[in-house]
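Student: I would like to learn how to read aromatic contacts in a structural model. Could you take me through them step by step?

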Amino acid sequence: MISKPSFIVVGCGYAGAVMARQIAEQLNKDVLIIDKRGHIAGNMYDYTNSYGIPVHKYGPHISVMDQDKTYHYLSRFTEWIPYRHRVNAVICGKEVPLPINFTSIDLLFPKKADSLKKSLIRSYGENANIPIMTLKKNTDPDIRELSDFIFENVFLHYTEKMWGLTPEEIDPGVTARIPIRLSYNDDHFLHKYQVMPKDGFTKLFENLLDHPNITVQLSTNSLDLLSLSEDKQNVIYNGAVFKGTVVYTGALDEFFNYTFGELPYRSLEFEFEDHKKDYIQNTPVLNWPDTRRATRRTEMKRLVQKSIPDHTTTITEYPGAYSRSGEHFNQPLYPIANDACFELHQRYKKLADRIDNFYYLGRLADYKYYNMEATILRALSFFEEHFAG
Ligand SMILES: Cc1cc2nc3c(=O)[nH]c(=O)nc-3n(C[C@H](O)[C@H](O)[C@H](O)COP(=O)(O)OP(=O)(O)OC[C@H]3O[C@@H](n4cnc5c(N)ncnc54)[C@H](O)[C@@H]3O)c2cc1C
């Protein structure tokens, strides 16, 4: 361990690892990066199971990017394999593409499909992507019937079990992530780059962190290493005021010992199963937007495009409220997007802003759902704004 690092970065996910790399490479400063988990890569962590199948420990992760900057940055640390993500959902006993598209409408409404598709195109134009909350406002009786059906069978139960809230109670941006698509395109994502790292995410992170200025320390909670001075304006490290810089990507409520109470999250339980079959489902992900407890099942072989005979591994996700000391649901995964939570987060931010040389970012510290690209872009621009030049 470095006794007097210039920078301490807390968290080895994308936010922390990209920051550590930038500091090490651009500033030529030494960085100690720590994580409370026993592995690098944060929620992107993957491993290979005994059948040779790569498994994403914290649920399926797909590299989707729109900006050349992100793609080129990551391409320094991995080669890619092209990937097109497909998701089917089981709706009223039928397996149809998700997002709902013209194929889904053909399968769900064989008799009325043609007139429904014409009415939709008349209202919104071909190839449009319509959020369900927008479709629900349409007054055409046929579209009304369709939107009521989709709302009930795709969004209502799914949102209730995933978020513990109704679609009306959550930020409209959440339901808008799965629009109704007025075409036969069954790509789940429409991003410019849709790829998987050739040797997996953990290997990508090993390369990202492979720099002589970076020291990685795992299985270490920052709270065991860092504390606050009595006036709460300095970080104490090794018994003295830390003169370097802390970049923190953990949760602020934890750092401040839950002074104002806990920030709530939704969490997931992951059930990993091995099946003695070549394949178990038609698409990498199968969604269940109905009342059963699970939300979806991912077949890892389809996701990483490995052909291994006779065995396949799946991950089934069960959502629930995060409980930090609970036996289940003890990973803080999805911040809750509502005003009360944002206000509580603001109070913690004010405490953090008073500490000298303490910077924070990432999905936990910012208390914000970021996809991978948003996390990386946030880290790159954060570095430019605060540390470069
Ligand atoms: C189920 C699921 C599926 C997803 N799928 C996709 C996808 O397909 N594509 C996509 O682009 N994005 C996806 N995401 C989002 C993606 O996981 C995040 O954008 C990304 O992981 C955020 O990186 P981060 O560094 O902010 O957080 P994390 O990856 O969570 O890293 C934070 C790290 O900080 C560590 N830490 C926290 N507190 C402390 C502490 N006190 N001391 C020491 N260490 C600490 C944690 O152990 C963790 O390793 C998904 C998210 C979830 C939950």
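Tutor: What follows is a short reading of ring pairs, of ring burial and of charges placed over rings. Please keep in mind that this is a predicted model.

Student: How many aromatic pairs does a search of the whole structure find?

Tutor: The search returns 25 aromatic pairs. To read one of them, take the ring centres and then the planes: phenylalanine 270 and phenylalanine 272 have centres 6.4 Å apart and planes at 45°, so this pair is tilted, since an angle that is neither under 30 degrees nor over 60 is given that name.

Student: Are phenylalanine 270 and phenylalanine 272 buried or exposed?

Tutor: Phenylalanine 270 has a relative accessible area of 17% and is therefore buried, because the limit for that class is under 20%, whereas phenylalanine 272, at 36%, counts as partly exposed.

Student: What is the geometry of the pair formed by phenylalanine 383 and phenylalanine 387?

Tutor: That pair is tilted, with 6.2 Å from centre to centre and 50° between the planes. Phenylalanine 383 is buried at 1% relative accessible area, and phenylalanine 387 is buried at 13%.

Student: Which residues form one aromatic cluster?

Tutor: One cluster is made up of Tyr248, Phe255, Phe256, Phe260, Tyr348, Phe358 and Tyr360.

Student: Where does the charged end of arginine 177 sit?

Tutor: The charged end of arginine 177 is placed over the ring of tyrosine 369, at 4.9 Å from the ring centre. Lysine 117, in turn, lies over the face of phenylalanine 102, with 6.0 Å to the centre of that ring.

Note on methods. Residues numbered from 1 in each chain as written. Predicted model: local features only at pLDDT ≥ 70, side-chain atom pairs only at ≥ 80, totals over all residues. Heavy atoms only, no water. Phe/Tyr/Trp six-rings, centres within 6.5 Å; stacked < 30°, edge-to-face > 60°. Buried < 20%, exposed > 50% of the residue type's maximum accessible area, 1.4 Å probe, protein only. Lys NZ or Arg CZ within 6 Å of the ring centre and 35° of its normal.
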